[in-house]
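Here is a protein model to poke around in. Take a look at the picture first, and then we'll walk through its charged pairs, its core and its empty space.

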Amino acid sequence: AVTYQDASKSPFSFGAYGQDEFSIRTNLTLNAGVRVDYFSTFGSTVNPRFGLVFQPSKSGTLKALCGRAYRAPNAYEFDYEDSSYKGNRNLKPETIESYELVWEQGLATNYRLTGALFHNTIEDLITQGVDPRDGRFVFDNTDSVEVKGGEVELEGKWEHGVRARASYAFADAVENATGRRLNNSPRHVGKLRLTVPVSTDKVFASVELLALSSRETAY
């Protein structure tokens, strides 16, 4: 038997989150929140979120949303080492800033139509590469990506718990450094989902059809 790595470490993290809601008018509400996290591996991260909700009618709602989120490097990316791999203890978290405009419209009694436009900026993507100095695989913060697109969804609900949902999304994800499309990222995504009750209000069965347009690999 060969042991490639035998390590025992105790990293820790903690976080705090606060949110408040402000009624600007009877049909206009502002939600504001912030999350603060600390990781012993890379330090602290602060991520705010805001949402402005306007309801011009009983059946229609307009939402303007923006926020920031993150993904911390995991133990494999941060620490794993053997003859072919090495850790990178200088890794920072991936971050995403998102902006979204959403319209929700009730149609008749059983249907709801939702449309959204979004723009996401992703920084410091954690990507595996090869260190030319020793030829070993290592993870590093490399790419910056812009994602722009939109989505439309129609949902129906009927008696006895029967539900159906159909949606289409377009997303153009481009690497800022090269101007190329992001690997493994389809421009077009279609979904169709049907849910029916097996036992009323207790057990449900669902089937979903997912359709993706072509995707590029790294090659």
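Let's start with K86, which is buried, with a relative accessible area of 16%. The cut-off for buried is under 20%, so K86 makes it into that class at 16%. Keep in mind that you're looking at a predicted model.

What does the side chain of K86 meet in a salt bridge? Its partner is D134, with 3.0 Å from N to O. D134 sits in the loop between β7 (126-130) and β8, while K86 sits in the loop between α1 (75-79) and β5 (94-107), so this pair ties together parts that are 48 residues apart in sequence. Unlike the buried K86, D134 is partly exposed, at 38% relative accessible area.

General background helps here: side chains of opposite charge can pair when their charged atoms come close. In the whole structure, a search turns up 17 salt bridges. Here are some of them:

| Pair | N to O distance | Relative accessible area |
|---|---|---|
| D134 and K86 | 3.0 Å | D134 38%, K86 16% |
| D124 and K92 | 3.8 Å | D124 23%, K92 43% |
| E155 and R112 | 2.8 Å | E155 6%, R112 36% |

Take D124 and K92, whose side chains meet in a salt bridge. D124 is in the loop between β6 and β7 and K92 is in the loop between α1 and β5, so the pair ties together parts 32 residues apart in sequence.

Then there's E155, which forms a salt bridge with R112. This pair links distant parts of the chain, since E155 is in strand β9 and R112 is in strand β6, 43 residues apart. E155 is buried, whereas R112 is partly exposed. Elsewhere, K9, D79, E81 and R89 are joined up in a network of salt bridges.

Now for the greasy part. The largest nonpolar core is made of seven residues: F118, I122, L125, V145, V147, A171 and A173. Strands β6 (111-123), β9 (145-157) and β10 (163-175) each give two or more residues to this core. L125, one of the core residues, has contacts beyond its sequence neighbours that include E94, D140 and V145.

Finally, the empty space. How many cavities of 30 Å³ or more does the structure hold? Just one, with a volume of about 30 Å³. K86 turns up again in the lining, along with Y76, Y80, Y85, F137, V138 and F139. Strand β8 (residues 137-141) gives the largest share of that lining, three residues. By class, the lining has six nonpolar residues, no polar ones and one charged residue.

Definitions and conventions:
Residues numbered from 1 in each chain as written. Predicted model: local features only at pLDDT ≥ 70, side-chain atom pairs only at ≥ 80, totals over all residues. Heavy atoms only, no water. 1 Å grid on protein atoms, 1.4 Å probe; cavity = no way out; pocket = protein on both sides within 12 Å on 5 of 7 lines; lining within 4 Å. Points joined across faces, edges and corners; volume = space filled by probe spheres on them. Helix = DSSP H or I, 4+ residues; strand = E, 2+ residues; numbered from the N terminus. Nonpolar A, V, L, I, M, F, W, Y, C, P; charged D, E, K, R; others polar. Core = buried A, V, L, I, M, F, W, Y, C linked by side-chain atoms within 4.5 Å. Buried < 20%, exposed > 50% of the residue type's maximum accessible area, 1.4 Å probe, protein only. Contact = heavy atoms within 4.5 Å. Salt bridge = Lys/Arg side-chain N within 4 Å of Asp/Glu carboxyl O. Lists of a residue's contacts leave out its neighbours within four places in sequence.
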